[in-house]
Amino acid sequence: MVPLSRDLVVLVIDDNVGMRSIMTAVLRALGFTAIRLADDAIEAQKLIPQVKPDLIITDLKMPVLDGVTFVRNLRADESNPFSEVPIIVSTGHTEEKHVRACIAAGVDQFLAKPITGRALAERISRALSPDREFVRVRGYNGPRRPMGQAFPTTDVD
């Protein structure tokens, strides 16, 4: 596992205040201090230029703008200096269609709720790996996936 840098700015996006609180507590227990919070993806879009996140952790199902659409929009905006920031989706919706939609949108890591400190630390370490490559090819913007893996195009229901 890659050592975690505690100086990172982490943006947590979740419409559930309780989940934001839990995520903040787990991140603090892992040693992170620069944690910023957004109630939803619309607010997050406005906060990103101000908080300059090194990592984004977002919920999947949120009102108005869901996590997959948020990621897809961010990744597609090449003029946004944060379009390539590592992103982890944390959700209780772990069905294959949701995982595939996240992969297709350009999510770096997928984390099932309820979260644990160990699982979150592992996902953060993978997302921030120095070997991480970002690609923009054939309608896909996101981390390079192993050769031979298809990029699913399903949307979240």
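## Exercises on a sheet and its helices

In β3, isoleucine 56 is the bridge partner of leucine 11, and the exercises below start from this pair in what is a predicted model.

**Exercise 1.** Determine which two strands the pair joins, and in which sense they run.

*Solution.* Strand β1 covers residues 9-13 and strand β3 covers residues 55-58, and the two are paired in the parallel sense over four bridges. In general, the strands of a sheet pair through backbone hydrogen bonds, either parallel or antiparallel.

**Exercise 2.** Place these strands in their sheet, giving the strand order and the edge strands.

*Solution.* The sheet is open and has five strands in the order β2-β1-β3-β4-β5, with parallel pairing. Its edges are β2 (34-38) and β5 (109-112), each of which pairs on one side only. From one strand to the next, the twist averages 20°.

**Exercise 3.** Identify the strands that helix α3 lies across, and state its angle to β3.

*Solution.* Helix α3, residues 67-76, lies across β1, β3 and β4 (87-91), and runs at about 155° to β3.

**Exercise 4.** Classify the crossing of α1 and α5, and describe the residues that meet there.

*Solution.* Begin with the axes: those of helix α1 (residues 17-29) and helix α5 (residues 117-127) come within 10 Å and cross at roughly 75°. Since angles of 65 to 115 degrees count as roughly perpendicular, α1 is therefore roughly perpendicular to α5. Next, turn to the residues: Met23, Val26 and Leu27 in α1 meet Gly117, Leu120 and Ile124 in α5. Sorted by class, this contact of α1 with α5 has five nonpolar residues, one polar residue and no charged residues.

Terms used:
Residues numbered from 1 in each chain as written. Predicted model: local features only at pLDDT ≥ 70, side-chain atom pairs only at ≥ 80, totals over all residues. Heavy atoms only, no water. Pairing = 2+ DSSP bridges. Axes fitted to C-alpha atoms, helices over the stretch in contact; angles between N-to-C directions. Contact = heavy atoms within 4.5 Å. Parallel < 35°, antiparallel > 145°, perpendicular 65-115°, else oblique. Nonpolar A, V, L, I, M, F, W, Y, C, P; charged D, E, K, R; others polar.
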